[in-house]
Amino acid sequence: MKILITGGAGFIGSAVVRQIIRHTHDQVVVVDCLTYAGNLDSLAPVSNDSRYAFERVNICDRAGLDRVFAQYQPDVVMHLAAESHVDRSIDGPAAFMQTNIIGTYILLESARQYWLGLSAARQSAFRFHHISTDEVYGDLPGGDEPFTETTPYAPSSPYSASKASSDHLVRAWHRTYGLPVLITNCSNNYGPYHFPEKLIPLTILNAIAGKPLPVYGDGAQIRDWLYVEDHARALYLVVTQGVVGETYNIGGHNERRNIDVVRTICCLLDELMPDKPAGIGHYEELIAFVADRPGHDLRYAIDGAKIRRELGWRPHETFESGIRKTVAWYLHNQTWWQRVLDGSYSGERLGLSR
Ligand code: NAD
């Protein structure tokens with residue numbers, strides 16, 4: 001198979017690319033415009049493989065996309081390109097509307113035109129897999145049952161509203177034009193190569209540096225955490241074995257309060273990095289509660305019964321095993337995150353000197 005992966009230089013996309021190159025015989029072409037979240041260092045482990053290609057193209061650029069489809073003739077599209085950080089969507093929603101909604105529309109149209117030109121056999125085998133989030137379902141009151149694939153949409157933030165819009169577009173392109181689509185909605189991911197603006201990598205790197213560990217409100221927000229490699233396996237399973245037109249929820253069965261996530265990281269660092277910054281007895285002393293994010297959803301939780309029942313997927317990692325691996329990865333891969341923190345990961349790709 002030849003798989004076109006948008007957003008392949010991001011956190012989850014790069015995990016999907018590394019996994020496909022390492023564990024299958026498929027070919028991959030990454031389409032990514034390299035925003036601040038795109039990092040070619042995350043693809044370095046596979047970038048010399050002859051089955052890997054990279055195209056710096058914005059998904060809002062129709063001509064660029066048409067050229068990539070014509071040149072590479074993919075069998076499958078996995079669409080992960082997005083603006084993905086809720087806080088940034090609150091500060092500046094425009095980029096989210098542009099990439100997540102307009103970009104998805106332009107990608108759908110480019111894919112549809114390409115698909116219409118394929119032979120009948122290739123047309124029926126073609127798949128457009130849209131990767132989305134559980135945040136489209138909105139806030140889940142404490143005792144309520146987890147989100148299923150039929151939970152009504154009720155997004156709270158500009159980010160989740162833009163992702164909800166893109167989900168609707170993808171479903172409409174299936175209903176109206178027959179494009180063979182699949183949609184997955186996944187819970188919060190964590191793991192290696194995660195950009196350090198998100199809770200888990202931010203906490204690890206701030207703790208290592210002896211900086212405050214910011215926790216929104218009282219830290220009681222609950223997220224269902226999924227190790228990124230488990231998500232990548234689920235995505236490959238869905239795109240190769242999922243039923244066209246269906247939606248699959250993907251979750252980790254690991255509901256944790258944010259404050260407990262931060263405390264777990266602190267305990268692991270006490271164990272794995274006992275040589276602490278000056279003046280600190282336990283990393284937990286660095287926890288600092290900050291004003292809550294506006295519109296902050298209290299709880300997300302995924303009912304993953306459908307993908308388990310129909311495709312046999314289940315996560316390999318528990319939260320305890322996954323978070324231990326993640327903390328250890330950041331401790332052993334300082335070069336990767338130093339280049340993010342000092343900005344050189346982006347300077348080089350723009351042809352600037354370090
Ligand atoms: P990310 O922010 O780490 O990566 C996004 C990638 O998309 C980057 O490489 C960026 O350069 C690229 N990109 C952004 N705008 C683009 C554009 N206009 N054209 C081309 N490329 C563009 O995101 P992530 O965490 O890897 O998330 C990937 C997808 O999974 C997103 O669609 C997100 O909504 C979804 N998702 C994420 C999570 C999570 O916990 N991170 C959970 C569920 C779903």
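This report describes the ligand site, one buried asparagine, two helices and some backbone angles in a predicted model.

**The ligand and its shell**

Around the ligand there are 28 residues, and those that come nearest are Ile 12, Asp 32, Ser 84, Tyr 159 and Lys 163. Three polar pairs between the ligand and the protein are set out below, each with its computed distance.

| Protein partner | Ligand atom | Distance |
|---|---|---|
| Lys 163, polar side-chain atom | oxygen | 2.6 Å |
| Thr 99, N or O atom in the side chain | nitrogen | 3.0 Å |
| Ile 131, polar backbone atom | oxygen | 3.5 Å |

Taken alone, the ligand exposes 830 Å², and the protein buries 96% of that area. The elements that give two or more residues to the shell are helix 1 (11–23), strand 5 (127–133) and helix 6 (158–177), and it is strand 5 that provides the largest share, with three residues. By residue class, the shell divides into 14 nonpolar, 12 polar and two charged residues.

**Asn 100 in helix 4**

Asn 100 belongs to helix 4, which spans residues 94–116, and it is buried, with a relative accessible area of 1%. A polar atom of the Asn 100 side chain lies 2.9 Å from the backbone nitrogen of Glu 83. When neighbours within four places in sequence are left aside, the residues in contact with Asn 100 are Ala 82, Glu 83, Ala 95, Tyr 159, Ser 162, Lys 163 and Ser 166. Two members of that contact list, Tyr 159 and Lys 163, are also among the residues that come nearest to the ligand.

**Helices 7 and 12**

Helix 7 (residues 199–209) is largely enclosed by the rest of the structure, because eight of its 11 residues are buried. These buried residues are Ile 200, Pro 201, Thr 203, Ile 204, Leu 205, Asn 206, Ala 207 and Ile 208. Their cover includes strand 7 (189–190), strand 8 (213–216), helix 9 (258–272), helix 11 (319–332) and helix 12. Just after helix 7, Gly 210 takes a positive phi of about 75°.

Helix 12, which is part of that cover, runs over residues 334–341 and has Trp 336, Trp 337, Arg 339 and Val 340 as buried residues. Because these four cover an arc of only 155° around the axis, they are placed on the same side of helix 12. The face turned away from this buried side carries Thr 335 and Leu 341, both of them exposed. Just after helix 12, Gly 343 has a positive phi of about 85°.

**Positive phi outside glycine**

Most residues other than glycine have a negative phi. Gln 73, although it is not a glycine, has a positive phi of about 50°, and Tyr 193, likewise not a glycine, has a positive phi of about 65°. Gln 73 is found in the loop between helix 2 (62–72) and strand 4 (76–79), whereas Tyr 193 sits in the loop between strand 7 and helix 7. As for their surroundings, Gln 73 is partly exposed, with a relative accessible area of 35%, while Tyr 193 is buried, with a relative accessible area of 14%.

Notes: Residues are numbered from 1 along each chain as its sequence is written. This is a predicted model: local features need pLDDT of at least 70, side-chain atom pairs count only at pLDDT 80 or more; totals for chains, interfaces and linings use all residues. Side-chain values use heavy atoms; hydrogens and water are left out. Buried means under 20% relative accessible area, exposed over 50%, partly exposed in between (1.4 Å probe, protein chains only). A polar contact is a pair of N or O atoms within 3.5 Å; within protein, one must be able to donate a hydrogen and the other to accept it, and residues adjacent in sequence count only if both atoms are side-chain atoms. Contact means heavy atoms within 4.5 Å. A residue is near a molecule or strand if one of its heavy atoms lies within 4 Å of it. Accessible areas come from the Shrake-Rupley method with a 1.4 Å probe; for residues, only the protein chains shown count as cover. Ala, Val, Leu, Ile, Met, Phe, Trp, Tyr, Cys and Pro count as nonpolar, Asp, Glu, Lys and Arg as charged, and the others, Gly among them, as polar. The arc is that of the directions from the helix axis to the C-beta atoms.
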